[in-house]
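Me: I would like to learn how to read a protein model feature by feature. Could you walk me through this one?

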Amino acid sequence: MNKRFLLLLIFMGVGVLLGPAPVYPYESRSDGQPVVVPRSAQKLLPDISLIGTVAAAYFSDEPAGETGHDPARSGFTLQEIEIAFQSVIDPYLRGDLFLSFQEVGVELEEGYVTTLGLIKGLQIRGGKFLLPFGRQNQKHLETWDFANLPLVNKYLLGPENLSELGAEISYLLPTPFFLQLQGTFSNGENETSFGGGRPGDFVYQGRVSTGFDTSKNTTILLGTSAASGFNDTDLGNQTRLFGGDFLFKWKPASYRSVTWQSEYIYRWRQGAGRLTEEGGLYSYVDYQFLKRWHLGMRYDQMGLPQDTIVKEWRATPTVTFNPTEFSRIRLEYEYDKTSNARRVHAAFLQLEFSMGSHGAHAF
């Protein structure tokens with residue numbers, strides 16, 4: 001995309017957020033008394049927000065290949081400016097649209113409509129969205145607990161995550177604890193594991209997740225996911241993905257908590273004359289010890305099992321400071337070791353800021 005056009009779009013987004021609010025004829029009165037804007041008029045305006053994320057980075061060896069939202073080089077990286085439009089459309093639908101501005105251009109990160117008021121617990125979503133495969137894949141950059149993606153998500157789902165154009169049906173079962181079924185049907189254009197290319201080379205994906213409180217201060221969430229579709233190695237070759245995820249949260253006070261999240265992903269893939277099997281995991285702990293401060297540590301491991309992707313492990317400590325709920329500063333160190341290669345040291349200083357009303361993402 002032309003850089004001038006990209007800058008124009010960014011300024012337009014900022015202008016929308018910072019510009020004067022629209023004036024309704026019935027907002028002004030001669031006696032100077034305030035007038036409440038009718039709710040019907042308020043509903044015409046979607047919630048609009050902007051979230052910016054930039055990072056300064058140092059790498060002892062520069063990263064190669066597509067980096068997605070991760071810091072891309074020694075120096076500065078615009079990880080993303082996200083502009084969101086979110087609103088209820090009518091009593092039956094709501095709409096959510098997220099535009100992602102990066103150094104190379106702008107793209108539709110997600111854009112979908114979701115049904116409201118169907119059979120209790122049943123919901124249908126259609127459009128482009130992050131598939132509910134595992135926990136990390138569904139998160140936008142501003143909800144990550146680290147400055148970059150886990151290795152297994154990057155290598156098996158893609159540096160831009162597993163995002164597809166399609167439809168989803170989900171059902172929240174009427175049980176005394178959280179139990180949800182999700183199924184998606186999508187085009188299968190993900191180039192990392194799918195991308196069959198023929199009309200009808202779809203991806204079918206499903207997820208079962210559950211959660212329950214184990215005490216007044218502790219919660220456990222468990223999930224398992226699977227996806228199947230065609231890949232781009234040859235006509236008719238298939239890929240199957242399986243994953244399991246776990247989250248434990250301990251929150252004894254408003255500003256003190258521990259979150260432990262882990263995820264494993266396995267890929268079975270038919271290739272040119274051979275079958276490959278790859279797998280990897282990550283596990284991290286985030287500890288909030290003061291109102292504005294978090295400490296974190298993540299461990300990544302690829303090669304479980306190992307085939308075409310070289311065995312690799314990574315350790316990532318981080319410290320995060322939240323001056324307010326609208327800004328965040330993160331300092332992160334990374335130690336990365338790949339088989340038969342030199343160790344790589346990296347450090348990131350990340351700044352994130354938000355403007356406007358932004359709806360909550362999935363927990």
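Me: Happy to start with secondary structure. How many helices and strands are in the chain?
Reply: This is a predicted model, and its chain has 3 helices and 16 strands.

Me: What share of the residues counts as buried?
Reply: Of the 363 residues, 42% count as buried. As for surface, the chain exposes about 18,600 Å², and carbon and sulfur atoms supply 63% of that area.

Me: And among contacts between residues at least 6 apart in sequence, what percentage joins residues at least 24 apart?
Reply: That percentage is 54%.

Me: Let's go to the surface. Which residues form the nonpolar patch?
Reply: Val 54, Ile 329, Leu 331, Leu 349, Leu 351 and Phe 353 form this patch, with about 460 Å² of accessible area together. Two strands, β15 (327–338) and β16 (344–356), each supply at least two of the patch residues. The largest share, 3 residues, comes from β16.

Me: Is Phe 353 buried, partly exposed or exposed, and why?
Reply: The general idea is to compare the relative accessible area with two cut-offs: under 20% is buried, over 50% is exposed, and values in between are partly exposed. Phe 353 has a relative accessible area of 31%, so this residue is partly exposed. Phe 353 lies in strand β16.

Me: Let me try a polar residue. Where is Arg 328, and which residues does Arg 328 contact beyond its neighbours within four places in sequence?
Reply: Arg 328 is in strand β15. Setting aside those neighbours, Arg 328 is in contact with Glu 142, Trp 144, Thr 320, Phe 321, Asn 322, Pro 323, Gln 350, Leu 351 and Glu 352. With Glu 142 there is a polar detail to look for: a polar atom of the Arg 328 side chain lies 3.0 Å from the backbone oxygen of Glu 142. Arg 328 is partly exposed, because its relative accessible area is 22%. You can also check the C-alpha atoms of Arg 328 and Thr 53, which are separated by 9.3 Å although the two residues are 275 residues apart along the chain.

Me: What about a loop residue such as Asn 161: buried or exposed?
Reply: Asn 161 is buried, because its relative accessible area is 8%. This residue lies in the loop between α3 (151–156) and β6 (163–172). Leaving aside neighbours within four places in sequence, its contacts include Leu 130, Trp 144 and Asn 190.

Me: Now the rings. How many aromatic pairs are there?
Reply: A pair of aromatic rings is described by the distance of the centres and the angle of the planes. The count here comes to 11 aromatic pairs. For Phe 246 and Trp 260, the ring centres are 4.9 Å apart and the planes are at 75°, so this pair is edge-to-face. The pair links distant parts of the chain, with Phe 246 in strand β10 (residues 238–253) and Trp 260 in strand β11 (residues 256–270), 14 residues apart. Phe 246 is partly exposed at 22% relative accessible area, and Trp 260 is partly exposed at 37%.

Me: How is the pair of Trp 293 and Phe 321 arranged?
Reply: That pair is tilted, with 4.6 Å from centre to centre and 35° between the planes. Trp 293 lies in strand β13 (residues 293–302) and Phe 321 in strand β14 (residues 312–324), so the pair ties together parts 28 residues apart in sequence.

Me: Which residues form an aromatic cluster?
Reply: Phe 146, Tyr 282 and Tyr 284 form one.

Note on methods
Residues are numbered from 1 along each chain as its sequence is written. This is a predicted model: local features need pLDDT of at least 70, side-chain atom pairs count only at pLDDT 80 or more; totals for chains, interfaces and linings use all residues. Side-chain values use heavy atoms; hydrogens and water are left out. Patches are made of residues with over 30% relative accessible area and no salt bridge: like charges are joined within 9 Å, nonpolar side chains (Val, Leu, Ile, Met, Phe, Trp, Tyr) within 5 Å. Accessible areas come from the Shrake-Rupley method with a 1.4 Å probe; for residues, only the protein chains shown count as cover. A salt bridge is a side-chain nitrogen of Lys or Arg within 4 Å of a carboxyl oxygen of Asp or Glu. Helices (H or I, at least four residues) and strands (E, at least two) are DSSP runs, numbered from the N terminus. Buried means under 20% relative accessible area, exposed over 50%, partly exposed in between (1.4 Å probe, protein chains only). Contact means heavy atoms within 4.5 Å. A polar contact is a pair of N or O atoms within 3.5 Å; within protein, one must be able to donate a hydrogen and the other to accept it, and residues adjacent in sequence count only if both atoms are side-chain atoms. Rings of Phe, Tyr and Trp (its six-membered ring) pair if their centres lie within 6.5 Å; planes under 30 degrees apart count as stacked, over 60 as edge-to-face and the rest as tilted.
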